[in-house]
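Please look at the fold below, beginning with the sheet and its loops and then turning to the helices. The following paragraphs take these parts in order.

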Amino acid sequence: MITVKSTQKVYSEDEISRLTGICSEHLRGVARSKHLGSIVRAAEAAGGQTERWQFTSTDLSVLTALFPRCEH
Ligand SMILES: [Zn+2]
């Protein structure tokens, strides 16, 4: 049984990177291959779009458990 807290925190890519020690480049690769996190597209003033990743605390615990911090 999964309990979802109403106050469940959403982590940005930067926060995850800082918490796990996985650099954003590898974090994106892992997120794509493991279907973790979600991409939020935000419109930019210049008319383009930026991709931003969001992760839940569940994603965070999976990342922490499965992937060692980057050493490069
Ligand atoms: Zn890395």
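In this predicted model, His35 sits in the loop that links helix H2 (24-34) to strand S2. The phi of His35 is near 55 degrees, a positive value in a residue that is not glycine. Most residues other than glycine have a negative phi. As for its surroundings, His35 has 8 C-beta neighbours inside 10 Å and therefore counts as exposed, the limit for that class being 12 or fewer.

The loop leads into S2, which covers residues 38-43. Of the 6 residues of S2, the number buried is 0, so this strand lies largely in the open. A residue would need 20 or more other C-beta atoms within 10 Å of its own to count as buried. S2 is joined to strand S3 (residues 49-56) by 6 bridges, and the two strands run antiparallel. Two positions show how the strands are matched: Val40 has Arg52 in S3 as its bridge partner, and Ala42 stands opposite Thr50 in S3. S2 and S3 form a hairpin with 5 residues between the strands, and in this hairpin Gly47 has a positive phi near 100 degrees.

The sheet as a whole is open and has 3 strands in the order S1-S3-S2, with antiparallel pairing. Its edge strands are S1 (10-12) and S2, each of which pairs on one side only. From one strand to the next, the twist averages 40 degrees. Strands of a sheet pair through backbone hydrogen bonds.

Next come the helices that follow S1 and S3 in the sequence. Helix H3 (residues 57-66) lies across S1 and S3, and runs at about 80 degrees to S3. H3 also packs with helix H1 (residues 13-20): the angle is about 35 degrees and the axes are 11 Å apart. The crossing in which H1 passes H3 is right-handed.

Which residues of H1 and H3 meet? On the H1 side they are Ile16, Leu19 and Thr20, and on the H3 side Leu60, Leu63 and Thr64. By class, this contact of H1 with H3 has 4 nonpolar residues, 2 polar residues and no charged ones.

Taken together, H3 has contacts of two kinds: H3 lies across S1 and S3 of the sheet, and H3 packs with H1. S2, by contrast, is an edge strand with 0 buried residues.

Methods. Residues numbered from 1 in each chain as written. Predicted model: local features only at pLDDT ≥ 70, side-chain atom pairs only at ≥ 80, totals over all residues. Pairing = 2+ DSSP bridges. Helix = DSSP H or I, 4+ residues; strand = E, 2+ residues; numbered from the N terminus. Axes fitted to C-alpha atoms, helices over the stretch in contact; angles between N-to-C directions. Contact = placed C-beta atoms within 7 Å. Left-handed = near helix turned anticlockwise from the far one by under 90°. Nonpolar A, V, L, I, M, F, W, Y, C, P; charged D, E, K, R; others polar.
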